[in-house]
Amino acid sequence: MRLLGLFGHPVHHSLSPLMHQAAIKALGLEEKFAYHAFEISPSSLPEAVSALKVLNFCGVNVTIPLKEKVIPFMDQLDSQARLVGAVNVVVNDRESLTGFNTDGIGFLRSLEENIGAKPKKQKVIIFGAGGAARAVTAALGTSGAREIIIINRNPDRAESVAVMLKQLGITVRVYENDSKDIEKEIRTADLIVNATSVGMSHIPGSLLDGYISCLNRKHIVCDIVYHPLETLFLKQASTMGCQVVPGLGMLLYQGAEAFRLWTGQEAPVDIMRAVLEGNLKENKHSSYLPLKKKRES
Ligand SMILES: NC(=O)c1ccc[n+]([C@@H]2O[C@H](COP(=O)([O-])OP(=O)(O)OC[C@H]3O[C@@H](n4cnc5c(N)ncnc54)[C@H](OP(=O)(O)O)[C@@H]3O)[C@@H](O)[C@H]2O)c1
């Protein structure tokens with residue numbers, strides 16, 4: 001038996017344990033693997049990482065606030081993790097730890113599986129410049145996107161993503177949320193992505209407000225927020241006839257890629273999707289509620 005798991009803080013809201021345990025069971029691998037969530041604060045990260053080797057873990061997912069902090073403990077990084085500067089999957093191969101970033105791969109696969117789209121030569125608008133936006137834009141950039149327009153409230157964070165993307169030789173422009181130029185950029189875009197936290201159940205709203213009339217049937221509009229399953233951002237795009245891609249697919253396929261890296265087997269994505277959808281639809285998932293509030297409810 002080899003352990004798999006999730007390191008982060010907080011991890012009580014995460015759907016990864018349910019998704020991976022369902023995959024392990026579906027493939028009859030219960031005697032080989034078990035997946036558990038571990039509350040790990042940044043101060044206990046060194047001990048937690050050494051436990052991966054001591055206890056012969058197969059690997060772990062890494063989430064907030066450890067995705068960047070775990071890098072110095074890796075023996076090597078794959079190219080996406082190095083480019084993004086964050087790790088969400090660790091594989092332990094005979095006491096050698098490799099850090100991967102599967103978020104971007106998850107996004108690309110979701111785009112392709114949902115609507116058969118690929119980013120090659122496309123003009124992309126991305127709202128957001130946080131960790132997820134870095135991973136998504138790095139994957140879009142390495143897959144041949146032609147132009148990436150970053151729109152973010154904090155311009156320094158947007159500039160930092162632009163610096164990363166310029167290493168790939170991509171045309172990048174950066175705007176703050178209220179720039180007058182956004183309208184014309186949206187009109188000529190192929191793909192529009194929300195990679196901010198806006199639209200999550202506890203941050204309602206949509207960054208497409210004010211730009212809805214710029215959308216048309218040729219636009220592909222993606223949200224990486226998955227709770228709620230259908231965000232206001234996607235509803236607005238749907239009313240204008242755009243093709244839309246919900247955030248659940250990215251969550252599913254980043255997990256499927258992690259599962260493949262750990263077990264060497266293709267993940268049972270239909271089963272994993274059913275677990276995610278079931279939990280999100282029934283609203284069992286109290287995503288990102290403060291811990292105290294969750295305990296009171
Ligand atoms: N589908 C998936 O698999 C997946 C994976 C990872 C993350 N996500 C989702 O992606 C979202 C972002 O995650 P992250 O890890 O990138 O978080 P993060 O690093 O904290 O970044 C948050 C981003 O949202 C922006 N933002 C937050 N509140 C805002 C507001 N009120 N108005 C305008 N912009 C606002 C931030 O702008 P500033 O820089 O200006 O603060 C930043 O760009 C979360 O909803 C998360 O659930 C989904």
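**Lys 121, local backbone features and domain architecture of the predicted model**

Lys 121 is exposed, because 10 other C-beta atoms lie within 10 Å of its own. The residue is found in the loop between α4 and β7 (123-127), and its phi is near 65°, a positive value in a residue other than glycine. The structure described here is a predicted model.

A second positive phi outside glycine is that of Asn 56, with a value near 55°. Asn 56 lies in the loop that joins α2 (45-54) to β3 (59-62). With 13 other C-beta atoms within 10 Å, Asn 56 is partly exposed, since residues are counted as exposed when they have 12 or fewer such neighbours.

The secondary structure of the protein comprises eleven helices and twelve strands. Along the principal axes, the C-alpha trace spans about 55 × 40 × 35 Å. The radius of gyration is 19 Å, which agrees with the value near 19 Å that a compact globule of 297 residues would have. Of these 297 residues, 43% are buried. Among contacts with a separation of 6 or more, 69% are between residues 24 or more positions apart.

Confidence in the prediction was examined along the chain. The average pLDDT of the protein is 94, and 95% of the residues score at least 70. Over residues 286-297, by contrast, the pLDDT is below 50, and this stretch has 13 contacts in the model beyond near neighbours in sequence. Where pLDDT is low, the predicted coordinates should not be read in detail.

The domain assignment divides the protein into domain 1 (2-102 + 250-296) and domain 2 (104-248). The C-alpha centres of domain 1 and domain 2 are 25 Å apart. Across the boundary, 20 residues of domain 1 are in contact with 21 residues of domain 2. On the side of domain 1 that touches domain 2, the elements giving two or more residues are α3 (79-84), α9 and α10 (269-281). Of these elements, α9 provides the largest share, six residues. By residue class, this side of domain 1 divides into ten nonpolar, six polar and four charged residues.

The ligand is surrounded by 25 residues, of which the closest are Gly 130, Ala 132, Arg 153, Asn 154 and Thr 196. Two or more residues of this shell come from each of α4 (103-115), α5 (131-142) and α9 (248-263). Helix α9 thus appears both in the ligand shell and on the side of domain 1 that touches domain 2. At the level of domains, the shell draws at least three residues from each of domain 1 and domain 2. Its composition is twelve nonpolar, ten polar and three charged residues.

Two cis peptide bonds were examined, both of them from a histidine to a proline. The bond from His 9 to Pro 10 is cis, with omega near 5°, and Pro 10 lies in the loop between β1 (2-8) and α1 (16-26). The bond from His 227 to Pro 228 is likewise cis, with omega near 15°. Pro 228 is found in the loop that runs between β11 and α8 (232-239).

The loop between β1 and α1 also holds Val 11. Val 11 counts as partly exposed because it has 19 C-beta neighbours inside 10 Å, whereas 20 or more would make a residue buried. Leaving aside residues up to four places away in sequence, Val 11 touches Leu 6, Ala 37, Phe 38, Glu 39 and Thr 63. The C-alpha atom of Val 11 is separated by 34 Å from that of Cys 242, and these two residues are 231 residues apart along the chain.

A further loop position is that of Lys 218, between β10 (191-194) and β11 (220-223). Lys 218 counts as exposed, with 10 C-beta neighbours inside 10 Å. From C-alpha to C-alpha, Lys 218 and Ala 195 are 20 Å apart in space, with a sequence distance of 23 residues.

Note on methods
Residues numbered from 1 in each chain as written. Predicted model: local features only at pLDDT ≥ 70, side-chain atom pairs only at ≥ 80, totals over all residues. Helix = DSSP H or I, 4+ residues; strand = E, 2+ residues; numbered from the N terminus. Rg over C-alpha atoms; globule rule 2.2 N^0.38 Å. Contact = placed C-beta atoms within 7 Å. pLDDT = per-residue confidence, 0-100. Near = placed C-beta within 6 Å. Nonpolar A, V, L, I, M, F, W, Y, C, P; charged D, E, K, R; others polar. Domains from an automatic or database assignment.
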